[in-house]
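Ready for some practice in reading a protein structure? Keep the viewer open and try each task before you read its solution.

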Amino acid sequence: FIVSSGATERAEYHVMSHPQTFPRGLAPDYREVAVGTTLGRRGKNLFTPRVFQTLSRPLHKATAVFGHAGGRLVVPNTGISLLVPHGGIAEDTTWEMYMSINQEDSSTVPEDGAEIFLSPAVTYGPPGLDLSCPIAMTIAHCAEVAADNWTIRLKRQIQDRWEEVMSVDEETASCYCLLEAQRCHLLLEQPGRYVLVGEMLNQEAAKRLRLAVFGSPDPSNSLGFTLRVYCVDDTPYAFQQVAVGERSRGGRLLEEPKIMLFKGNAFSLQVSIQDVPRLLWSIKPFTTCQEFSFSQVWASNRSPLQCAFSLERYSLSTSQLSCKISVRQVTGEEQILQIYASVVENEKGVAPFFTQSDCTITSQTGSKAFKIPSSIRQRISATFDTANANGKDWQLLAQKLHIERNLGYFACQESPSSVILSLWEAQHQDFGDLDSLASALEEIGKVQSPREAATLGCSKEDSELTKLGLPW
């Protein structure tokens with residue numbers, strides 16, 4: 001098997017998605033979404049989107065059977081993955097494990113507005129799962145974490161309530177959280193449903209929005225063409241919800257999506273259409289600017305925010321539409337999406353906008369699931385789990401791999417080095433090389449004594465270590 005690279009934050013667009021990625025009958029229907037009221041000369045009304053119908057089953061789920069060799073589980077195109085370490089499951093034992101994203105989870109967001117979901121709510125199991133070491137889960141999030149404007153927490157659902165597990169900057173022995181710009185890597189020991197939530201510390205706190213424009217001819221009017229503008233959380237899963245709906249209705253992505261920072265300053269979001277060729281196209285009066293309230297955008301994980309612009313060409317001979325879509329937060333950032341689109345319906349059945357490739361492989365077991373060869377992993381763990389006279393232990397390994405906080409978590413593990421390497425695997429699942437690990441071990445190896453090198457069983461003839469570029 002080949003592990004899908006679909007669970008990443010990169011935005012790539014391809015022609016179709018395999019039906020297995022999106023189970024038939026589960027695609028949300030976007031045709032009943034109300035188009036909002038507009039901004040015109042007579043006053044300002046706020047766009048009020050309807051919440052999509054709640055699904056009774058997970059929209060995205062991956063299942064696989066894992067044994068002692070471990071492996072990786074990926075929910076394609078969502079930014080969600082799970083790493084089961086080698087040796088985490090007892091020999092002669094197998095577990096059928098799963099990960100899922102339930103769309104109805106978004107309805108449980110606290111109503112007081114203090115906290116918002118920054119990621120999808122992800123479940124892994126089964127509930128009675130028995131592992132000898134933590135699993136590593138990766139979840140994509142939409143928080144702008146460059147500045148300290150957020151308090152971000154990991155929460156776990158207990159019955160109908162979300163209970164705090166830890167703050168991401170907290171020191172705790174119960175779990176580990178490594179927050180990156182677009183993803184969060186978690187080391188967990190207890191199956192269940194988890195989510196990242198955020199509470200802004202000031203009005204400079206911002207979340208990333210992904211802006212996308214889709215278009216399709218109006219089926220009831222041969223001269224009509226509709227532009228649909230989406231403003232969703234910048235996570236692969238949020239965009240997939242949009243993509244599934246647009247694929248079902250034959251929509252086409254008209255411009256590569258753009259990212260916008262939306263600040264927690266209580267100001268609304270305006271979407272307007274500009275530079276429509278007036279001699280070729282008409283648009284209904286007073287419909288050129290539409291607006292989302294702050295609260296709708298701030299908690300937009302409840303449902304994808306959408307507004308639409310209905311245009312009509314004066315002649316069938318007009319085959320092109322050029323215009324601009326402006327998306328701006330009042331007193332905030334603005335993004336312009338430039339549209340150059342063919343309005344001739346000549347691409348039926350093609351939806352050229354899916355993230356990543358036609359991803360149907362959701363699991364990978366055994367050695368192929370890991371970047372680090374098993375023999376090297378065992379040598380590293382055997383060497384660094386026990387401190388030596390030169391202070392070369394798992395804490396130094398963590399430091400060289402830029403894991404410098406909450407080290408007490410690793411101290412509680414049977415093999416701290418092995419858990420550190422699981423975290424490294426989660427961080428580097430999308431890259432095909434071992435450069436960062438090789439560099440870290442090389443720095444340690446420069447002052448490694450011959451006896452310590454012998455402990456690793458290292459030699460220049462060792463082909464696996466040569467691949468790592470180590471100096472032995």
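**Exercise 1: Aromatic pairs**

Task: Find how many aromatic pairs there are, then describe the one formed by Y409 and F410.

Solution: Bear in mind that this is a predicted model. Ring centres within 6.5 Å make a pair, and by this rule the count comes to twelve aromatic pairs. To describe a pair of aromatic rings, we use the distance of the centres and the angle of the planes. For Y409 and F410, the centres are 5.5 Å apart and the planes meet at 85°. Planes over 60 degrees apart count as edge-to-face, so that is the label for Y409 and F410. Next, check the surroundings: Y409 and F410 are both buried. Finally, look for a group of rings: W150, F262, F294 and W298 form one aromatic cluster.

**Exercise 2: Charges over rings**

Task: Which residues lie over the faces of Y98 and Y176?

Solution: Begin with Y98, where K61 lies over the face at 5.0 Å from the ring centre. Then turn to Y176: here R405 lies over the face, 5.9 Å from the ring centre. The cut-off for such a charge is within 6 Å of the ring centre, and the distance for R405 is 5.9 Å.

**Exercise 3: A sheet of four strands**

Task: Work out the strand order of the open sheet that holds β19, and name its edge strands.

Solution: Start with the neighbours of β19. Four bridges join β19 to β21, and six bridges join β19 (residues 269-274) to β23 (residues 320-329). Both pairings are antiparallel. Now follow individual partners: L269 is bridged to F292 in β21, while V271 has V327 as its bridge partner in β23. Q274 stands opposite K324, also in β23. The full order is β21-β19-β23-β24, with antiparallel pairing. The edges are β21 (289-292) and β24 (334-342), each of which pairs on one side only. On average, neighbouring strands of this sheet are turned by 20° against each other, direction ignored.

**Exercise 4: Buried residues**

Task: Why is β19 described as largely enclosed, and where around helix α3 do its buried residues lie?

Solution: For β19, count the buried residues: five of the six are buried, so the strand is largely enclosed by the rest of the structure. For α3 (residues 374-384), list them by name: I376, R377, I380, S381, T383 and F384. These residues cover an arc of only 165° around the axis, which puts them on the same side of α3.

Technical notes:
Residues are numbered from 1 along each chain as its sequence is written. This is a predicted model: local features need pLDDT of at least 70, side-chain atom pairs count only at pLDDT 80 or more; totals for chains, interfaces and linings use all residues. Side-chain values use heavy atoms; hydrogens and water are left out. Two strands pair if DSSP finds at least two bridges between them. Helices (H or I, at least four residues) and strands (E, at least two) are DSSP runs, numbered from the N terminus. Axes are lines fitted to C-alpha atoms, for helices over the stretch in contact, and angles run from 0 to 180 degrees between N-to-C directions. Rings of Phe, Tyr and Trp (its six-membered ring) pair if their centres lie within 6.5 Å; planes under 30 degrees apart count as stacked, over 60 as edge-to-face and the rest as tilted. Buried means under 20% relative accessible area, exposed over 50%, partly exposed in between (1.4 Å probe, protein chains only). A charge sits over a ring if NZ of Lys or CZ of Arg is within 6 Å of the ring centre and within 35 degrees of the ring normal. The arc is that of the directions from the helix axis to the C-beta atoms.
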